[in-house]
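Work through the following exercises with the sequence and the model side by side. Each task is followed by a solution that goes step by step.

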Amino acid sequence: MAGKMKPLGLSRMLRKTPEAATSGIVLRRRLQLMMYNNMYRIMFDRRFESEEDPLFNKLKALNGERSRLAQSFDYNYGDFIPILRPFLRGYLKICKEVKDKRLQLFKDYFVDERKKLASTKNTNNEGLKCAIDHILDAQKKGEINEDNVLYIVENINVAAIETTLWSIEWGIAELVNHPEIQKKLRHELDTVLGPGHQITEPDTYKLTYLNAVIKETLRLRMAIPLLVPHMNLHDAKLGGFDIPAESKILVNAWWLANNPAHWKDPEEFRPERFLEEEAKVEANGNDFRYLPFGVGRRSCPGIILALPILGITLGRLVQKF
Ligand code: HEM
């Protein structure tokens, strides 16, 4: 992927709104459009022109509703208190309705559209293929079925967009609240890249302080603090506890990365820790105290995309504003 990632257009978008200089803007809306465009270009070679795009708003609303249903204790209390599960019928009905609507939207507006395009245009040329073409090829070969295709699309909508968006927002918030860190980052960008050079993906690997800022953001403001639920197939013992087979396992990755027994002043936002006492710790799971993307076979496959996006976006905002 090195060198191929397209400019994100965020600063261009902000320049198109000159009133932002005096009245400000809701950065989240811009960043959300940027993240949808990043992912929808990779998946479907599609982009949304503006925050007012009706299809973009439909996707945002349905994906937002899905997140709310999954995360709100108002709704899924039965996941935590099994005795209440019989009372969940109403909740499950809403879940099913939202799921059906989302899958239909993905199918009608994206998957079927791409199939149509593929049948009229030669997309065999590797250069023109986007992610969905590869997924549809796998379906053609009988490796996966139509449901699998839709659930892959569904999963990327859940896993890729909001997680990266939250992390960018927290990174910005920390830089705003720590002007001395922002100054240090700006100095690194100016000295390593030179004036007038807009940061692109290959640069992100050279910028050690920027990477430390990203790691510290993911430590203190972990996007998925309990990771994704896992299940042990067999009976197990851990730390003296018996864990029966098929238990739902939640790993408190936030506490692992914020436990004062293992980290120096963990409540402090201090990127320098990743250049000093924790210099060997990476985000890829090489240290069990720090698992913002999980670890092992089911860890986040999107890490190779998320880290450069975070680097380019935060770097560019600091360079420009
Ligand atoms: C800052 C951004 C992101 C963070 C913090 C993050 C974090 C995570 C975490 C903690 C998991 C669960 C790992 C586990 O339970 O062991 C996960 C799973 C996953 N992530 Fe990410 N992720 C991010 C961005 C992305 C992106 C950009 C993509 C796709 C392009 C993506 C795709 C996935 C998928 C498909 C899974 C499920 C993997 C599986 O179950 O085998 N993620 N992510």
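A residue is called buried under 20% relative accessible area, exposed over 50% and partly exposed in between, with a 1.4 Å probe and protein chains only. Helices (H or I, at least four residues) and strands (E, at least two) are DSSP runs, numbered from the N terminus. The model is a predicted one, in which local features need pLDDT of at least 70 and side-chain atom pairs count only at pLDDT 80 or more, while totals for chains, interfaces and linings use all residues. Residues are numbered from 1 along each chain as its sequence is written, and side-chain values use heavy atoms, with hydrogens and water left out.

**Exercise 1.** Determine how helix H11 is placed with respect to the rest of the structure.

Solution. Begin with the burial count: 11 of the 13 residues of H11 are buried, so the helix is largely enclosed by the rest of the structure. Among these buried residues are Tyr-209, Lys-215, Glu-216 and Arg-219. Then turn to the second largest pocket, to whose lining H11 gives the most, with 6 residues.

**Exercise 2.** Establish which residues of helix H4 are buried, and where they lie around its axis.

Solution. Helix H4 covers residues 54–71, and its buried residues are Leu-55, Phe-56, Leu-59, Leu-62, Asn-63, Ser-67 and Leu-69. Viewed down the axis of H4, these buried residues fall within an arc of 165 degrees (taken from the directions from the helix axis to the C-beta atoms), so they line one face of the helix.

**Exercise 3.** Identify the protein donor of the iron atom of the ligand and locate it in the fold.

Solution. Donors are N, O and S atoms within 2.8 Å of the metal (3.2 Å for Na, K and Ca), and water is not among the atoms, so sites may look incomplete. On this criterion the only protein donor is Cys-300, through SG at 2.2 Å. Cys-300 belongs to the loop between helix H12 (253–256) and helix H13 (303–320).

**Exercise 4.** For Glu-246 and Asp-265, state the phi value, the location and the exposure.

Solution. Most residues other than glycine have a negative phi. Glu-246, however, has a positive phi near 65 degrees; this residue sits in the loop between strand E3 (241–243) and strand E4 (248–249), and at 57% relative accessibility Glu-246 counts as exposed. Asp-265 likewise has a positive phi, near 40 degrees, lies in the loop between H12 and H13, and at 36% relative accessibility counts as partly exposed.

Definitions and conventions
Expected span 1.5 Å × (residues − 1).
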